[in-house]
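New to this one? Have a look at the sequence and the 3D view below, and then we'll walk through some spots to find in it.

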Amino acid sequence: ETVLAMVLPDTPKLLDPRERAETAARVSAAEAAVSRAQTNIDAALIAEETAASQFERIRRLRERDSSSEQALEDATMKMRMRQEEHRAAEFSMQIAKFELAQAQAALQRFDPAAQESSGADWHFEIRSPISGRVLRVLHESAAVLPAGTQLLELGDPANLELEVDVLSIDAVKIEPGDRIVLEHWGGEEPLTGVVKLVEPAAFTKISALGVEEQRVWIIGDLTISDAERARLGDAFRFEARIVVWEEQDVLQCPTAALFRLENEWAVYVLAADRAHLRKVVIGHRNADAAEILSGLAEGDRVIVYPSDRVQEAVNVVVRNGK
């Protein structure tokens, strides 16, 4: 409903046959985009109904303890993703209809005689294609602009998505549905989200140390309340952790205690105030901790950051009770 801009077409160009043909072609392309958007809506609606049906079936099975909690969570996540895809398809339809109306309006301006006889004004209004907010104003003053120039950026702050760039070697471990934890966004408590898409192409980025890195965009959805979502906006900064694996009751030790011994992993275990070399087999690990598959038992005390002074049976003094 809101008028965003008023456009006065450039009369000489409107009288150019080549410009008229190009504008007519844009109308045809816009009509095809509307048809494609309708097809996407139909497909998204079918996918949403199927996901909702599967969710309801698994929910009933869960009530009878015939299905796992994880299966119910997966079905819930899939249903929410299909709902968001349906909303995105409807949003694309609004944009396609808007672009069609703009192309048709531009084509009508190619007949000045008809405009004068009908008393129509050569100016035409550009109205907002969506219900949302103006995010950026790219041209504030009147100016002569070529076709296709961006005037404004619009968006719906209630329908945000997450963009996280990760190293390509990490991106191969990430799958749609993985949990995202948002930290350092400005609030006291972390926020949560879910991975929606791992983009298929990487890009080159220069790190702070001047090293070229291949990085990949991870697109995600927020899984937070409307009140929490209202505090975020377009292009806000945050730090993200993406959970690629998790398990309950995992025996683990600090990564800083591990070191390579030939082709195996090892740690120094503290027993009777002496260090004892122990080979271990690890599973999943990150920068903080590693999963221990064998070689250690719960309650074992290990030496972190062992220097070359630490050897088998060397006497160890514990500092700060650690």
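What follows is a quick tour by topic.

Keep in mind that this is a predicted model. Along the way you'll meet an open sheet of five strands, a helix whose length can be checked, 19 salt bridges and two aromatic pairs.

**The open sheet**

- Five strands line up in the order β5-β8-β7-β6-β9, with antiparallel pairing, and the sheet they make is open.
- At the edges sit β5 (161-167) and β9 (239-243), each with a pairing partner on one side only.
- On average, and ignoring direction, neighbouring strands here are turned by 40 degrees against each other.
- To zoom in, take β6 (residues 179-183) and β7 (residues 191-206): four bridges join them in the antiparallel sense.
- For a landmark in that pairing, find arginine 179, whose bridge partner in β7 is valine 194.

**Helix α2**

- How far should the 47 residues of α2 span at 1.5 Å a residue? The expected figure is 69 Å, and the end C-alpha atoms are indeed 69 Å apart, so the two agree.
- Just after α2 comes aspartate 65, which has a positive phi of about 60 degrees.

**Salt bridges**

- Here's the general idea: side chains of opposite charge can pair when their charged atoms come close. This structure has 19 salt bridges.
- One of them joins arginine 60 to glutamate 56, with 3.7 Å between the closest N and O atoms. Both residues belong to helix α2 (residues 17-63) and lie four residues apart, or about one turn of the helix. Arginine 60 is partly exposed at 39% relative accessible area, and glutamate 56 is partly exposed too, at 28%.
- Another links arginine 87 and glutamate 84, whose closest N and O atoms are 3.5 Å apart. These two sit in helix α3 (residues 69-108), and being three residues apart puts about one helical turn between them. Arginine 87 is partly exposed at 39%, as is glutamate 84 at 25%.
- Arginine 278 and aspartate 300 make a salt bridge as well, at 3.7 Å between the closest N and O atoms. Arginine 278 is in strand β13 (residues 274-285), while aspartate 300 is in the loop between β14 (289-294) and β15 (301-302), so this pair ties together parts 22 residues apart in sequence. Both ends are partly exposed: arginine 278 has a relative accessible area of 30%, and aspartate 300 has 33%.
- There's also a network: Glu56, Arg59, Arg60 and Glu63 are joined by salt bridges that share partners.

**Aromatic rings**

- Searching the whole structure turns up two aromatic pairs.
- Phenylalanine 203 and tryptophan 217 are stacked, at 5.4 Å centre to centre and 25 degrees between the planes. The pair links distant parts of the chain, with phenylalanine 203 in strand β7 and tryptophan 217 in strand β8 (residues 212-222), 14 residues apart. Phenylalanine 203 is partly exposed at 24% relative accessible area, and tryptophan 217 is partly exposed at 29%.
- Why does the pair of phenylalanine 259 and tyrosine 268 count as stacked? The ring centres are 5.4 Å apart and the planes are at 25 degrees, and planes under 30 degrees apart count as stacked.
- Is tyrosine 268 buried or exposed? Tyrosine 268 counts as buried, with a relative accessibility of 9%.
- One more ring to find is that of tryptophan 265: the charged end of arginine 260 sits over it, 4.6 Å from the ring's centre.

How values were computed
Residues are numbered from 1 along each chain as its sequence is written. This is a predicted model: local features need pLDDT of at least 70, side-chain atom pairs count only at pLDDT 80 or more; totals for chains, interfaces and linings use all residues. Side-chain values use heavy atoms; hydrogens and water are left out. Two strands pair if DSSP finds at least two bridges between them. Axes are lines fitted to C-alpha atoms, for helices over the stretch in contact, and angles run from 0 to 180 degrees between N-to-C directions. A salt bridge is a side-chain nitrogen of Lys or Arg within 4 Å of a carboxyl oxygen of Asp or Glu. Buried means under 20% relative accessible area, exposed over 50%, partly exposed in between (1.4 Å probe, protein chains only). The expected span of a helix is 1.5 Å times one less than its number of residues. Rings of Phe, Tyr and Trp (its six-membered ring) pair if their centres lie within 6.5 Å; planes under 30 degrees apart count as stacked, over 60 as edge-to-face and the rest as tilted. A charge sits over a ring if NZ of Lys or CZ of Arg is within 6 Å of the ring centre and within 35 degrees of the ring normal.
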